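Dear colleague,

Please find below the sequence and the structure that I am handing over to you. My findings follow directly after them.

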Amino acid sequence: MTTLAPLQAPADLKEHLSTNPRSQAIDGHGFDLNLAYWNTRIERLPGAPIRGENLSTARGHISRGSLFAMAEAAGEDESNESAYALFWHSLAWGTGTSHRNTTQRIASIENDITGIGNALRRAALLAPTDPEAAFRTLKPRQPLIKGLGPNFSTKYLYFAGAGKLEHPCLIVDKRVLTTLSRFTENPRTPKYGTGYGYGTYSTAIGLMADWARQLTTPERQIGFDEVERWAFKVGK
């Protein structure tokens with residue numbers, strides 16, 4: 001992560017953390033999703049089907065907490081089934097009801113199931129210790145999966161951390177970048193971005209990690225992702 005002179009954590013963030021326990025803001029953060037939409041399209045692909053917390057493949061709830069439980073297997077299962085399972089579930093979680101680029105992403109995977117599966121497993125292994133290598137595994141120059149820029153690939157890298165408080169890979173999308181730019185001075189973070197490179201990612205995750213450490217107390221350690229959650233909420 002890029003090392004910068006510390007910036008004071010925003011008062012808005014401190015207030016948010018005081019009223020949003022981690023169990024609610026992070027572990028329980030999820031959505032009720034139309035899983036049948038996905039499963040009819042990926043039924044012949046590794047990692048299928050997508051299941052909700054109720055084990056339904058038709059409609060169900062997927063939360064951050066349920067995705068964390070899939071992380072360890074994603075990096076260890078040499079068949080790549082578990083990496084694909086984490087990928088599909090995180091993609092459904094992040095997509096919600098908006099399916100722009102979904103067809104393109106699935107088609108891209110169908111064209112290179114083995115190569116992309118190997119990359120997903122490698123990225124899951126790297127994410128807890130080497131954010132740069134993990135990021136570049138899924139976006140060497142252009143996104144490895146067509147239609148899947150860092151707004152979405154960083155979701156996968158984040159969930160590969162199994163919810164650990166200091167997991168270095170965080171979700172960095174347009175809304176997160178918008179918030180960070182609001183509370184910093186350019187060029188620390190760009191105001192907008194969808195196809196950004198590792199330099200932007202490094203700066204963003206470094207800043208959020210620094211703010212989490214600033215606001216950690218003996219009574220409560222703030223997870224890096226709790227800063228990301230706040231940044232997403234206010235980055236409209």
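**Helices and their surroundings**

Helix α8 covers residues 113–126, and its 14 residues, at 1.5 Å a residue, should span 20 Å; the C-alpha atoms at its two ends are 20 Å apart, so the expectation and the model agree. Please bear in mind throughout that this is a predicted model.

Several residues of α8 are buried, namely Ile-116, Gly-117, Ala-119, Leu-120, Arg-121, Ala-123, Ala-124 and Leu-126. These buried residues pack against five other helices: α5 (71–76), α6 (81–95), α7 (102–110), α9 (131–138) and α10.

One of those partners, helix α10, comprises residues 150–159 and is mostly covered, with ten of its ten residues buried. The buried residues of α10 include the aromatic side chains of Phe-152, Tyr-156, Tyr-158 and Phe-159, and among them are also Lys-155 and Pro-150.

**Two helix pairs**

Two packed helices are described by the angle between their axes and the distance between the axes. Two pairs are set out here in those terms.

The first pair is α9 and helix α12 (residues 198–215), which pack at an angle of about 140°, with 11 Å between their axes. That angle makes α9 oblique to α12. The crossing of these two helices is right-handed. On the α9 side, Pro-131, Glu-132, Phe-135 and Arg-136 take part, and they meet Tyr-198, Tyr-201 and Ile-205 of α12. The residues of this contact divide into five nonpolar and two charged, with no polar ones.

Glu-132, which is placed in helix α9, deserves a further remark. With a relative accessible area of 34%, Glu-132 counts as partly exposed, because that value falls between the cut-offs of 20% and 50%. Glu-132 is 32 residues from Arg-100 in sequence, and the two C-alpha atoms are 27 Å apart in space.

The second pair is helix α1 (residues 11–19) and helix α13 (residues 224–234), whose axes come within 10 Å and cross at roughly 110°. The two helices are therefore roughly perpendicular to each other. The crossing of α1 and α13 is right-handed. From α1, the residues Asp-12, Leu-13, His-16 and Leu-17 make the contact, together with Glu-226, Val-227, Trp-230 and Lys-233 from α13. By class, the contact of α1 with α13 holds four nonpolar, one polar and three charged residues.

**Backbone points in the loops**

Most residues other than glycine have a negative phi, and most peptide bonds are trans. The following places should be read with that in mind.

Which bond joins Ala-48 and Pro-49, cis or trans? The peptide bond between them is cis, with omega at about 0°. Pro-49 lies in the loop between α3 (35–42) and β2 (59–63).

Leu-55 is also found in the loop between α3 and β2. Its phi is near 70°, a positive value in a residue other than glycine. Leu-55 counts as exposed because its relative accessibility is 60%, and the cut-off for exposed is over 50%.

Asn-101 has a positive phi as well, near 80°, and is a residue other than glycine. Asn-101 sits in the loop between α6 and α7. Its relative accessible area is 25%, so Asn-101 is partly exposed.

Yours sincerely,
A colleague

Technical notes: Residues are numbered from 1 along each chain as its sequence is written. Side-chain values use heavy atoms; hydrogens and water are left out. Buried means under 20% relative accessible area, exposed over 50%, partly exposed in between (1.4 Å probe, protein chains only). Helices (H or I, at least four residues) and strands (E, at least two) are DSSP runs, numbered from the N terminus. The expected span of a helix is 1.5 Å times one less than its number of residues. Contact means heavy atoms within 4.5 Å. Axes are lines fitted to C-alpha atoms, for helices over the stretch in contact, and angles run from 0 to 180 degrees between N-to-C directions. Angles under 35 degrees count as roughly parallel, over 145 as roughly antiparallel, 65 to 115 as roughly perpendicular and the rest as oblique. A crossing is left-handed if the near helix is turned anticlockwise from the far one by less than a right angle, and right-handed if clockwise. Ala, Val, Leu, Ile, Met, Phe, Trp, Tyr, Cys and Pro count as nonpolar, Asp, Glu, Lys and Arg as charged, and the others, Gly among them, as polar.
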